[in-house]
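Me: I should like to examine how certain labels for this model are justified. Please answer each question by setting the value against the criterion.

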Amino acid sequence: MRCLDAAISRRALAGLLLAAAGPALPAMAAPRVLRGTVSYRERMALPPGAIIEVKLLDVSLADAPSRTIAETRVSGRRIPAPWTLRFDSRQIEPRRSYALQARILDRGRLLFITTERHSVFTGGPDKTDIWVQRVAGQDQPSRPASSPIGNWRLASLGGAETPASITTTMEIASDGRVSGRGGCNGFGGNATIRGRTIRFSRMVSTMMACAPEVMDQEQRFLKTLERVQRWTIQQRTGRLALLDRGGRPLATLTPQ
C-alpha cells in the first residue's frame, strides 16, 4: 500500500512541476544568411570611399513601392565585392516574392545599380552574384550640400571611420524633425538650426537588442547628438560635420 501511495505521489509531483513550467515556448527563428558578390563589366577602379549597398526587398506588389527586409553595406575596395546579408527568416512569407538590389555609391552619388531582377527563395542556392550597370552621367561632379537638411549616413564617430557593415542613418527635415536608424533601432526627435548652429533634442528610440558592436555604435551616436552645437559641410568630401562648442568634429555623415 505504501508503494502505491509513493507512486501516486511521484506522479502528482511530476504533474505539478509540469503545470508550474507552463506551456512550452516556441523556438525562436534562427537568423538566415544570404551571400554573394557584386560586379560590373567596366574596366575601372572605384573611388577610394565608394560603398556597395545590397538590399533584400519584398517585391510582391507591382503597383506599390518595394519593402526593405534587410540591407548591408560593404567597402568597394575590390571587385567582385563579397557581401553577406543577415535577416530574420520569420519576415519571409512563402507566397510573396523577394529580390536583391545592389547599388554602388560615392559620397551619396549613385555610380552603379542593378537593372535586372535577382530573385531569391525560388529553390536555388543562397548565393547570388549580382551584376550592376553604370549610371549615365555619373562622371559629373556632385554638388556639395549647403545645409544639414537632408538624408545622411554616419561615416565617422569620435574621429574614427565607422565600419561599412553597420549602417546608421539620419534624416533632418526642413521643419526640424529628425528621424533615422541607429543600426538596430529607429529613433526620432528634433533639431533647431540657426545659421551654423544646430542643437538636437534628446532622441527617443525603439528598444530592440542587436549585436554588441551595433548597439555600441548606435548608443554612442545618440549620445553624441546631445553634444552637438555647430555644423559645417566639408568641401573636399561633401560630408556633414557635426561639431562641439569649440568647433571640434564629433561625427561626420555622408549624403544619401
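Me: Which residues does glycine 76 touch, not counting residues up to four places away in sequence?

Reply: This is a predicted model. Contact requires heavy atoms within 4.5 Å, and glycine 76 touches Leu46, Ala50 and Ile52 on that basis. Glycine 76 is found in the loop between strand S3 (67-75) and S4. Glycine 49 is 27 residues from glycine 76 in sequence, with 7.5 Å between them in space, C-alpha to C-alpha.

Me: Why does glycine 76 count as buried?

Reply: The relative accessibility of glycine 76 is 9%. Buried means under 20%, so glycine 76 counts as buried.

Me: How many aromatic pairs does a search of the whole structure find?

Reply: The search finds four aromatic pairs.

Me: What makes the pair of phenylalanine 87 and phenylalanine 121 tilted?

Reply: The ring centres of phenylalanine 87 and phenylalanine 121 are 5.7 Å apart, and the planes stand at 50°. Rings pair if their centres lie within 6.5 Å, and planes under 30 degrees apart count as stacked, over 60 as edge-to-face and the rest as tilted. The angle of 50° belongs to neither of the two named ranges, so the pair is tilted.

Me: Why is this pair said to tie together parts that are 34 residues apart in sequence?

Reply: Phenylalanine 87 lies in strand S4 (residues 81-88), whereas phenylalanine 121 lies in the loop between strand S7 (118-120) and strand S8 (127-131), so the pair ties together parts with that separation. Ring pairs also link Phe87, Tyr98 and Phe121 into a cluster.

Me: How do you know whether phenylalanine 87 and phenylalanine 121 are buried or exposed?

Reply: Phenylalanine 87 has a relative accessible area of 5%; buried means under 20%, so phenylalanine 87 is buried. Phenylalanine 121 has a relative accessible area of 26%. Exposed means over 50% and partly exposed is the range in between, so phenylalanine 121 is partly exposed.

Me: Why is the pair of phenylalanine 187 and phenylalanine 221 called edge-to-face?

Reply: The distance is 6.2 Å centre to centre, with 65° between the planes. An angle over 60 degrees counts as edge-to-face, so the pair receives that label. The pair links distant parts of the chain, with phenylalanine 187 in strand S14 (residues 186-194) and phenylalanine 221 in helix H2 (residues 212-225). Phenylalanine 187 counts as buried at 6% relative accessibility, and phenylalanine 221 counts as buried at 0%.

Me: What makes S14 a partner of strand S13 (residues 177-181) and of strand S16 (residues 204-205)?

Reply: Two strands pair if at least two bridges are found between them. S13 and S14 have five bridges in the antiparallel sense, so they pair. Valine 178 has glycine 189 in S14 as its bridge partner. S14 and S16 are joined by two bridges and run antiparallel, so they also satisfy the criterion. Phenylalanine 187 stands opposite serine 205 in S16.

Me: What is found in the turn of the hairpin that S14 and S15 form?

Reply: The hairpin has two residues between its strands, and glycine 195 in the turn has a positive phi of about 60°. S14 and strand S15 (residues 197-200) pair in the antiparallel sense over four bridges.

Me: How do you know that arginine 41 lies over the face of tryptophan 131?

Reply: Arginine 41 is at 4.2 Å from the ring centre of tryptophan 131. The distance criterion is within 6 Å, so the value satisfies it. The charged end of arginine 196 likewise sits over the ring of tryptophan 231, 4.2 Å from its centre.

Note on methods:
Residues are numbered from 1 along each chain as its sequence is written. This is a predicted model: local features need pLDDT of at least 70, side-chain atom pairs count only at pLDDT 80 or more; totals for chains, interfaces and linings use all residues. Side-chain values use heavy atoms; hydrogens and water are left out. Rings of Phe, Tyr and Trp (its six-membered ring) pair if their centres lie within 6.5 Å; planes under 30 degrees apart count as stacked, over 60 as edge-to-face and the rest as tilted. Buried means under 20% relative accessible area, exposed over 50%, partly exposed in between (1.4 Å probe, protein chains only). A charge sits over a ring if NZ of Lys or CZ of Arg is within 6 Å of the ring centre and within 35 degrees of the ring normal.
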